[in-house]
Amino acid sequence: MTRLMKQIASLAIALLVLGAALPMPSTALAQDRFEPTRFSVEVSGEGDDIIFIPGLMTSREVWRETAEDLEGYRVHLVQVRGFGEEAGPNAEGEVLAPVIAELARYIAENDLQAPAIVGHSAGGLMAMTLAAQHPELPGRIMIVDALPWVAHIFVPPGAEPEMVAVLAQAQGMRAMMARGWNGELGPGAPDSTLRTQILDEENLPRLRELTGRTDQRVAAQLMYDVMASDMRQEIAAITVPVTVIVPLNPDFMSREHISAFYGAQYSALDGVFLVDIGPAGHFVMLDAPAPFTVAVQQFLERD
């Protein structure tokens, strides 16, 4: 081998060694990062992490105004696939448990340190279930108008639901909702149903937008999963601070009665902090946006 060839070979070996010692490009690292399949996430901002989870049939846009009012946080806007986007793996089989499992993995594998989690309705059930099953992951949770067992809203006040009857009812609702699937994302519910979720009629067009791209198969299955999930005792395993937002509808129930109802639902959870906001319907962030944003900010700052 000539002297020139030896020099070229030595240089090539040196470059190989140097390349092995250098850090991988960010694009390569990104390929190794966990990418959820059951939901998508939009991330913005810098600071402590806060995760927002929307409810049944609802896109991430339900949180947009609230998130824009927050400063000093890295915001993760979750969107369950099938609501606002194509269903992906949520098109078949159970939805609730797989989404929660992926949320836990998203937090762990992206090294989010004690993120705050805010969940509305079915998203609130996801937040409390994740906190009960993985108490080491969240830093605090806010549950926006969600119950440990939603079956209580289908029985008379003071009555105790029976799981057999609840499952039968849930199966019927699942079948009825699934029949609405025509192969395309479309309205999640008729206006008559949407009107029961708000108090201010002016918010109806906005609610149509938020629920207007729904896969009825996913909605039907998630509704079944939610009705079949009784977390009343399991929430005792939650070790982080919990705030529950209770919307007040004076035409439906008095403040005293609604507070007693929610208090009973969360009786197994020590230290739960109930915050009532009203007048407001189920979509409290639409009916009372300013008080709701204040409640979120106080939740994030509370010791």
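Colleague: I'm new here, so let's start small: in which loop is Ser121 found?

Modeller: Ser121 sits in the loop between strand 4 (116-120) and helix 5. Bear in mind that this is a predicted model.

Colleague: What is there to read in the phi of Ser121?

Modeller: The general idea goes like this: most residues other than glycine have a negative phi, and most peptide bonds are trans. Now the case here. Ser121 isn't a glycine, and its phi is positive, near 60°. Asp145 is another non-glycine with a positive phi, of about 45°.

Colleague: Where does Asp145 lie, and is Asp145 buried or exposed?

Modeller: Look in the loop between strand 5 and helix 6. Asp145 counts as buried because its relative accessibility is 12%, and the cut-off for buried is under 20%.

Colleague: You mentioned peptide bonds too. Which residues does a cis peptide bond join?

Modeller: Gly278 and Pro279, with omega about 0°. You'll find Pro279 in the loop between strand 7 (273-277) and helix 11 (284-287).

Colleague: Let me step back. How many helices and strands does the protein chain have?

Modeller: Twelve helices and seven strands. The chain has 303 residues, and 49% of them are buried.

Colleague: How do I read a nonpolar core, and which residues touch the most other members of the largest one here?

Modeller: In general, nonpolar side chains tend to be buried together in soluble globular proteins. In this model the largest nonpolar core has 94 residues, and Met128 and Ile238 touch the most other members. Take Met128: leaving aside neighbours within four places in sequence, its contacts include Ile141, Ile143, Leu147, Ile238 and Tyr266.

Colleague: What about contacts between residues far apart in sequence?

Modeller: Count the contacts between residues at least 6 apart in sequence, and 79% of them join residues at least 24 apart. Arg140, in strand 5 (residues 140-144), makes a handy example. Its C-alpha atom is 8.8 Å from that of Thr239, though the two are 99 residues apart along the chain. Setting aside residues up to four places away, Arg140 touches Pro115, Ala116 and Ile117, and also Val240, Pro241, Phe299, Leu300, Glu301 and Arg302.

Colleague: Is Arg140 buried or exposed?

Modeller: Arg140 counts as buried, because its relative accessibility is 17%.

Colleague: Now helix pairs. At what angle do helix 6 and helix 9 pack?

Modeller: Helix 6 (residues 163-178) and helix 9 (residues 216-227) pack at about 170°, and their axes are 8 Å apart. Angles over 145 degrees count as roughly antiparallel, so helix 6 and helix 9 are roughly antiparallel to each other. Among the residues making the contact are Val166, Leu167 and Met173 of helix 6, and Ala219, Met223 and Tyr224 of helix 9. The contact of helix 6 with helix 9 divides into eleven nonpolar, four polar and one charged residue.

Colleague: And at roughly what angle do the axes of helix 4 and helix 5 cross?

Modeller: The axes of helix 4 (residues 96-109) and helix 5 (residues 122-133) come within 10 Å and cross at roughly 60°. These two helices are therefore oblique to each other, and helix 4 passes helix 5 in a right-handed crossing.

Colleague: Which residues of helix 4 and helix 5 meet?

Modeller: From helix 4 come Leu96, Val99, Ile100, Leu103, Ala104 and Ile107, meeting Leu125, Met126, Thr129, Leu130 and Gln133 in helix 5. By class, the contact of helix 4 with helix 5 has nine nonpolar residues, two polar ones and no charged ones.

Key: Residues numbered from 1 in each chain as written. Predicted model: local features only at pLDDT ≥ 70, side-chain atom pairs only at ≥ 80, totals over all residues. Heavy atoms only, no water. Axes fitted to C-alpha atoms, helices over the stretch in contact; angles between N-to-C directions. Helix = DSSP H or I, 4+ residues; strand = E, 2+ residues; numbered from the N terminus. Parallel < 35°, antiparallel > 145°, perpendicular 65-115°, else oblique. Left-handed = near helix turned anticlockwise from the far one by under 90°. Contact = heavy atoms within 4.5 Å. Nonpolar A, V, L, I, M, F, W, Y, C, P; charged D, E, K, R; others polar. Core = buried A, V, L, I, M, F, W, Y, C linked by side-chain atoms within 4.5 Å. Buried < 20%, exposed > 50% of the residue type's maximum accessible area, 1.4 Å probe, protein only.
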